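Open the model in your viewer and show side chains as sticks. This tour goes from one charged pair to the next.

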Amino acid sequence: MKICIATSSFPINRNEVYHHFLKELIDILNQKGHEVTILTQDKKGDKEIIFPNADVVWFPWKMTEQRVLAQVSLKSFSNIFSIISLFINGVKYSNRIAKEKKIDVFICLWIVPSGLYLLLKNILFKKTPYILWSLGSDVYTNKDNFIKRNILRLIIRKSKAVFADGFELCDIINKISGRQCDFLPTFHKIKIPDSFTENINNSQTILLY
């Protein structure tokens, strides 16, 4: 199966802080015979091939000075324009990757922003199933705002499945969306729940509504 991991947290080199469980996830998917592509926004600096068993696609956008998206303030017009650019190109390139690489399913790390790319892509273009994996900041920073909470709800309800790194986080997602959220920890040597694999394997036969 051809799988695309859409993430905003991908490193350009080994010196950059990144989520080490990404390597574990990619290795596990490869071992199960899946072909993995990474879709992530461009970053400044020379890029090193860290994961040779995954094809990395860096999509262009109007970059901000902050390397971590969660730290970007929307108090300036420049940053607002950058975020709009991020979402427009995220939708555009997720659709392009889906068509060119014949992607069977997307794994979104995290609900925002990559989950929103896929929601909008599926509204505007041909639908591709997507699975969500929440780390926490994507939910905690948005759950108390009425508009953002409803955007989270819509993204989650249109997903094939949703997972979270924490039992409390699973409960919050359950309450926000009314969907079952399963616990999937993020650390070395992760154990992938059977439901995670089943949702990937069954994704081709399930339509999003």
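Start by selecting Lys 23. Lys 23 is partly exposed, at a relative accessible area of 42% (buried means under 20%, exposed over 50%, partly exposed in between, with a 1.4 Å probe and protein chains only). This is a predicted model: local features need pLDDT of at least 70, side-chain atom pairs count only at pLDDT 80 or more, and totals for chains, interfaces and linings use all residues. Residues are numbered from 1 along each chain as its sequence is written, and side-chain values use heavy atoms, with hydrogens and water left out.

Now add Asp 27. Its side chain meets that of Lys 23 in a salt bridge, 2.8 Å from N to O (a side-chain nitrogen of Lys or Arg within 4 Å of a carboxyl oxygen of Asp or Glu). Asp 27 is buried, at 18%. Why are the two about one helical turn apart? They sit 4 residues apart in helix H1, residues 21-31 (helices are DSSP runs of H or I, at least four residues; strands are runs of E, at least two; both are numbered from the N terminus).

Next, select Asp 55 and Lys 101. Their closest N and O atoms are 2.6 Å apart, in another salt bridge. Asp 55 lies in strand S3 (55-59) and Lys 101 in the loop between helix H2 (77-100) and strand S4 (105-109), so the pair ties together parts 46 residues apart in sequence. Asp 55 is partly exposed at 35%. Lys 101 is partly exposed at 23%.

Last stop: Lys 143 and Asp 144. This salt bridge has its closest N and O atoms 3.2 Å apart. Asp 144 is exposed, at 66% relative accessibility. The whole structure holds 4 salt bridges.
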